[in-house]
Amino acid sequence: MNIADQWDILTRARRSVPVDVHQLTAALGVRLKTAFLAPNISGMLERVGEKFLITLNTGDSYTRQRFTLAHELGHYMLHRHLVGDGLDDDRAYRSTNVGKYHNTMIGPKEETEANKFAASLLMPSESVNREWAKPGSTPAQMASLFGVSEHAMSIRLGVPYEPA
Ligand SMILES: [Zn+2]
């Protein structure tokens, strides 16, 4: 599958609410599994032969796993040439040396790009704006609708985050 086909698949996936990021991963030809990773590791992206494998930390919440998956897909789509054998992301989404790999090609710039990719994938502006315009919308209800944390949704909406 070429990269243009992959961006088409991604564009189509962004139209549903919530975005089915697990189905998207399969459609892109990326393998996915969950495992008990070290508590400070949220995700891994590894090259396995010609393919890529993403591993999520079983111990993380559902919304966190979704965000991590979207972040790793960001590295896959944007930084495939820098991944080498693989990379680990710590809880702050920084390539770290405490996991299996220590990828120094992935720096703060790439992490910011992957975070923006993830936010844009899980909370596309078209559907966020449409839902937010509906009467009675709250950040909590929006977060639940899009399958993201209330914190992530508050940042996306540009409203203060007030934990209950
Ligand atoms: Zn990362």
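**Entry 1. Domains**

I looked up the separation of the two domains in this predicted model. The centres of domain 1 and domain 2, taken over C-alpha atoms, are 22 Å apart. To the contact, domain 1 gives 10 residues and domain 2 gives 10 residues. I noted the bounds as 3-122 for domain 1 and 124-164 for domain 2. I then looked up the area buried between domain 1 and domain 2, which is about 830 Å². Of this area, 58% lies on carbon and sulfur atoms.

**Entry 2. Zinc site**

I next asked which residues coordinate the zinc ion. The donors are NE2 of H71, NE2 of H75, two OD entries for D89, and OE of E111. Their distances to the zinc ion run from 2.0 to 2.5 Å. I wrote the sequence spacing of the donor residues as H-x3-H-x13-D-x21-E. H75 belongs to helix 3 and E111 to helix 4, so this pair ties together parts that lie 36 residues apart in sequence.

I also checked whether these two donor residues are buried or exposed. H75 is buried, at a relative accessible area of 0%. E111 is buried as well, and its relative accessible area is 5%.

**Entry 3. T96**

I located T96 in the loop that runs between strand 4 (86-90) and helix 4. Its relative accessible area is 8%; because buried means under 20%, I recorded T96 as buried. Which residues does T96 touch, leaving aside those up to four places away in sequence? I listed I41, D88, D89, D90, Y101 and H102. One of these, D89, is also a donor to the zinc ion.

**Entry 4. Helix 1**

I turned to helix 1, which spans residues 3-13. Its buried residues are Q6, I9, L10 and A13. Viewed down the axis of helix 1, the buried residues fall within an arc of 100°, so they line one face of the helix. I then asked against which elements these buried residues pack. They pack against helix 2 (21-27), helix 3 (62-78) and helix 4 (108-122). Two of these partners also carry zinc donors: H75 lies in helix 3 and E111 in helix 4.

Lastly I examined the N-terminal end of helix 1, where N2 acts as the cap. A side-chain oxygen of N2 lies 3.0 Å from the backbone nitrogen of A4.

Methods. Residues are numbered from 1 along each chain as its sequence is written. This is a predicted model: local features need pLDDT of at least 70, side-chain atom pairs count only at pLDDT 80 or more; totals for chains, interfaces and linings use all residues. Side-chain values use heavy atoms; hydrogens and water are left out. Buried means under 20% relative accessible area, exposed over 50%, partly exposed in between (1.4 Å probe, protein chains only). Helices (H or I, at least four residues) and strands (E, at least two) are DSSP runs, numbered from the N terminus. The arc is that of the directions from the helix axis to the C-beta atoms. Contact means heavy atoms within 4.5 Å. A polar contact is a pair of N or O atoms within 3.5 Å; within protein, one must be able to donate a hydrogen and the other to accept it, and residues adjacent in sequence count only if both atoms are side-chain atoms. Donors are N, O and S atoms within 2.8 Å of the metal (3.2 Å for Na, K and Ca); water is not among the atoms, so sites may look incomplete. Domain bounds come from an automatic or database domain assignment. Buried area is the accessible area (1.4 Å probe) that two parts lose on being put together, summed over both.
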